[in-house]
Amino acid sequence: MLGIYYQRLSKEMGLAVRREETRKLILDVALELFVSEGYETASISQIASRLGITKAAVYYHYHAKEEMLLSLVEPFLDRVDQLIDAAPPTSHSHVGRRRLLES
């Protein structure tokens, strides 16, 4: 009985890994197109075509191009927030934040 459970769990874990890998590949191609074509010009069709998958497959992972953009910039914005939160209170002014980010 446990053997079936572990087989199913292993299969589900494999699917989860493939999903994450696919999401990462989509983001990699999206970033490449956003840089080369511009965000407004880049399309879901182009992303799907470069990956050799359907637009539906892209939409399964990301509901809109905006969601891809957010996924790309959120880690950077989170890090900026962490830097600001860790800074001394005197650096929370506009000038202080600018100096903190420039250092």
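Biologist: With which residue does Arg50 form a salt bridge, and how far apart are the closest N and O atoms?

Modeller: In this predicted model, Arg50 forms a salt bridge with Glu32, and the closest N and O atoms are 2.5 Å apart. The pair links distant parts of the chain, since Arg50 belongs to helix 2 and Glu32 to helix 1, 18 residues apart.

Biologist: Are these two side chains buried or exposed?

Modeller: Neither extreme applies: Arg50 is partly exposed, with a relative accessible area of 45%, and Glu32 also counts as partly exposed, at 45% relative accessibility.

Biologist: How many salt bridges does the structure hold?

Modeller: The structure holds two. Besides the pair already described, the side chains of Lys24 and Asp28 meet at 3.1 Å, N to O.

Biologist: How should one read a pair within one helix?

Modeller: The general idea is that an α-helix has 3.6 residues a turn, so residues three or four places apart point the same way. In this structure, Lys24 and Asp28 both lie in helix 1, four residues apart, which is about one turn of the helix. Asp28 is partly exposed, with a relative accessible area of 39%.

Biologist: Which charged residue is buried yet has no salt bridge?

Modeller: That residue is Lys65, placed in helix 4, residues 65–86. The nearest side chain of opposite charge, Glu40, is 5.2 Å away, whereas a salt bridge requires the nitrogen and oxygen to be within 4 Å. Leaving aside neighbours within four places in sequence, Lys65 is in contact with Phe34, Tyr39, Glu40, Ala42 and Ile44.

Biologist: Where does helix 4 have a kink?

Modeller: The kink lies at Val73, shortly before the proline Pro75, and amounts to about 40 degrees. Helix 4 has 22 residues and reaches 32 Å from its first C-alpha to its last, close to the 32 Å expected at 1.5 Å a residue. Buried in helix 4 are Lys65, Met68, Val80 and Ile84.

Biologist: How should one read the nonpolar core?

Modeller: In soluble globular proteins, nonpolar side chains tend to be buried together. Here the largest nonpolar core has 13 residues, and those with the most contacts inside it are Ile26, Ile47, Val58 and Met68. Helix 1 (2–37) and helix 2 (44–51) each supply at least two residues of this core, and the largest share, six residues, comes from helix 1.

Biologist: Which residues is Ile26 in contact with, leaving aside its neighbours within four places in sequence?

Modeller: Ile26 is in contact with Ile47, Leu51, Ile53, Val58, His61, Tyr62 and Met68.

Definitions and conventions: Residues are numbered from 1 along each chain as its sequence is written. This is a predicted model: local features need pLDDT of at least 70, side-chain atom pairs count only at pLDDT 80 or more; totals for chains, interfaces and linings use all residues. Side-chain values use heavy atoms; hydrogens and water are left out. A nonpolar core is a set of buried Ala, Val, Leu, Ile, Met, Phe, Trp, Tyr and Cys residues joined through side-chain atoms within 4.5 Å. Buried means under 20% relative accessible area, exposed over 50%, partly exposed in between (1.4 Å probe, protein chains only). Contact means heavy atoms within 4.5 Å. Lys and Arg count as positive and Asp and Glu as negative; His and the chain ends are not counted. The expected span of a helix is 1.5 Å times one less than its number of residues. The bend at a residue is the angle between axes fitted to the seven residues ending there and the seven starting there.
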